[in-house]
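Hi,

Here is the structure I promised to pass on to you. Have a look at it first, and then read on for what turned up in it.

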Amino acid sequence: MVTTADSPAPAAPPAAETVPVDVSAMKNKKWMYVDAAGGQKGPMDEAVLKRLLRRGLVHGETYVWSPELPVAEWKMAKDIALFTPVCVLWQKVPQWHYYDHLKVQQGPISTADLVRKFEDGDVDGLTLVWSSCQVVATWTPMGEVSALKEELHEINLEREKEEAILATQQSLDPKLQTFHDDASSTRAIDKILDELEDLAEDRGDESAKPAKKAAPPASLSHSDILEAAALAAKTDGGGDDSTAPTIETTNPKKRKKSKSKKTKWTSSKQKTWVYINGLPLDITIPEVHDHFVKCGVIQKDLHTDDPKIKLYRNKDTGQLSGDGAVCYMKEPSVELAIQLLDKSDIRPNCPIDVSVAVFSQKGESFVERKRVKLDNRAKVKKFEQEK
């Protein structure tokens with residue numbers, strides 16, 4: 001429908017009297033929905049479900065429910081007060097009329113088309129609009145329509161997040177990470193020396209133990225560390241122990257091995273794991289890696305050299321359950337991943353939740369996990385990762 005500026009505007013229907021519904025009890029809950037194939041999806045945050053409604057992946061006729069509500073039952077999304085405005089706003093029915101910059105009345109168009117025109121600059125916050133579906137009952141400047149303001153704000157946040165991810169991905173280069181801290185260098189050398197000593201004790205060879213006489217140089221370069229690490233690898237490789245070179249350091253006390261065993265479960269002090277929910281059921285580890293490496297270097301298994309990424313499976317069916325975890329090298333990468341990748345799309349129209357992974361003891365009694373002893377080559381690789 002197109003009318004000129006002199007044509008009378010279509011009469012806005014009288015606003016129906018509605019009783020405000022208190023939706024506060026529904027806020028901050030986890031929700032699930034039934035997809036087109038009849039499978040249950042979720043749980044997910046309210047914001048994620050609203051985003052799916054906006055993108056047309058979930059519709060007003062889709063059945064949803066929250067297991068956290070006192071009276072939990074499956075209902076159509078359009079019949080739940082929390083989601084009714086979103087369903088009405090983002091239905092595909094053309095409902096918006098507006099005046100363009102020439103003061104010519106245009107419409108009706110859908111909400112998606114109206115937002116697209118806003119992004120292209122064809123309309124702005126001062127453009128007069130009204131909705132035949134009672135989103136706004138009278139001619140109102142677009143910037144004053146609360147429902148549209150919320151959605152446009154969400155869209156802008158998504159765009160900013162995507163731009164931030166792209167900028168971070170371009171700025172992060174693991175090859176540029178260097179090792180300049182002298183104190184850390186000294187600690188790394190001491191650690192290598194301790195492991196050389198352990199190796200010598202295991203083999204019963206006193207000549208392979210490094211001598212401890214004088215203080216180390218004031219500053220140790222990265223090449224110094226690699227040279228010491230190479231000595232450890234050579235010793236493990238069966239070289240001539242009688243000619244093993246000595247490395248000088250100042251640690252007169254011999255490190256004692258702890259013989260005590262853990263009797264209870266304790267969580268790691270380092271928070272380098274992130275937990276992911278909402279993954280597609282056919283997701284692959286390379287896909288997860290490519291999505292999360294944007295925020296930092298992902299740790300690798302010292303034995304297999306595979307990235308430390310877990311995709312959890314259903315114990316009964318053996319199929320992927322839609323959640324997993326990723327282990328970063330540095331804790332700041334966890335914060336960055338939560339900031340940039342939470343609610344992001346790992347695939348088109350497939351948003352995920354990202355949070356700090358919280359581990360707990362499995363079962364009622366603690367069973368210590370048997371750890372595989374690292375050879376010196378694996379230890380050198382570990383030092384390379386930690387630098």
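Let's start in helix α3, where D113 and R116 both sit, three residues apart, which is about one turn of the helix. Before going further, keep in mind that this is a predicted model. The side chains of D113 and R116 meet in a salt bridge, with N and O 2.6 Å apart. In general, side chains of opposite charge can pair when their charged atoms come close. Are these two buried, or are they partly exposed? D113 has 30% relative accessibility, so it counts as partly exposed. R116 is partly exposed too, with a relative accessible area of 43%.

**More salt bridges**

A search of the whole structure gives 13 salt bridges. One of them joins the side chains of K343 and D45, at 3.1 Å from N to O. K343 is in the loop between α8 (331–341) and β13 (345–347), while D45 belongs to strand β3 (residues 40–45), so this pair ties together parts that are 298 residues apart in sequence. The cut-off for buried is under 20% relative accessible area. K343 has 15%, so it is buried. D45, with a relative accessible area of 22%, is partly exposed.

This pair also has company: K30, D45, D342, K343 and D353 are linked in a network of salt bridges. Try clicking through those five in the viewer.

Another salt bridge to find is the one between D282 and R347, whose closest N and O atoms are 2.7 Å apart. It links distant parts of the chain: D282 is in the loop between β10 (273–277) and α7 (285–292), R347 is in strand β13, and 65 residues separate them. D282 is partly exposed, its relative accessible area being 49%. R347 also counts as partly exposed, at 23% relative accessibility.

**The nonpolar cores**

Now for the inside. The largest nonpolar core has 32 residues, and W31, L49, F83 and W96 touch the most other members. Which elements each supply at least two residues of this core? They are β2 (30–34), α1 (46–54), α2 (84–89), β6 (96–99), α3 (111–120) and α4 (146–171). The largest share, four residues, comes from α1. Domain 1 (24–90) and domain 2 (96–156) both give residues to this core, so it lies between them.

L49 is a good residue to zoom in on. Not counting neighbours within four places in sequence, L49 is in contact with W31, Y33, M44, V58, V64 and F83. There is also a second, separate core of 21 residues, with I283, C295, I352 and V354 among its members.

**A lysine in a loop**

K27 is found in the loop between β1 (2–3) and β2. With 36% relative accessibility, K27 counts as partly exposed. Which residues does K27 touch, once its neighbours within four places in sequence are set aside? It is in contact with E46, K50 and L82. With E46, the contact includes a polar one between the two side chains, at 3.3 Å. As for L82, K27 is 55 residues away from it in sequence, yet their C-alpha atoms are 8.0 Å apart in space.

**How the strands pair**

β2 has two partners worth a look. β2 and β3 pair in the antiparallel sense over four bridges, and Y33 stands opposite K41 in β3. The hairpin of β2 and β3 has five residues between the strands, and G38 takes a positive phi near 90 degrees there. β2 is also joined by two bridges to strand β4 (residues 63–65), and these two run antiparallel as well. Here M32 stands opposite W65 in β4.

Further along the chain, strand β11 (residues 309–313) and strand β12 (residues 320–327) run antiparallel and are joined by four bridges. In this pair R313 stands opposite L320 in β12. The hairpin of β11 and β12 has six residues between the strands, and G318 takes a positive phi near 80 degrees.

That's the tour, so enjoy looking around!

How values were computed
Residues are numbered from 1 along each chain as its sequence is written. This is a predicted model: local features need pLDDT of at least 70, side-chain atom pairs count only at pLDDT 80 or more; totals for chains, interfaces and linings use all residues. Side-chain values use heavy atoms; hydrogens and water are left out. A nonpolar core is a set of buried Ala, Val, Leu, Ile, Met, Phe, Trp, Tyr and Cys residues joined through side-chain atoms within 4.5 Å. Buried means under 20% relative accessible area, exposed over 50%, partly exposed in between (1.4 Å probe, protein chains only). Domain bounds come from an automatic or database domain assignment. Contact means heavy atoms within 4.5 Å. A polar contact is a pair of N or O atoms within 3.5 Å; within protein, one must be able to donate a hydrogen and the other to accept it, and residues adjacent in sequence count only if both atoms are side-chain atoms. A salt bridge is a side-chain nitrogen of Lys or Arg within 4 Å of a carboxyl oxygen of Asp or Glu. Two strands pair if DSSP finds at least two bridges between them.
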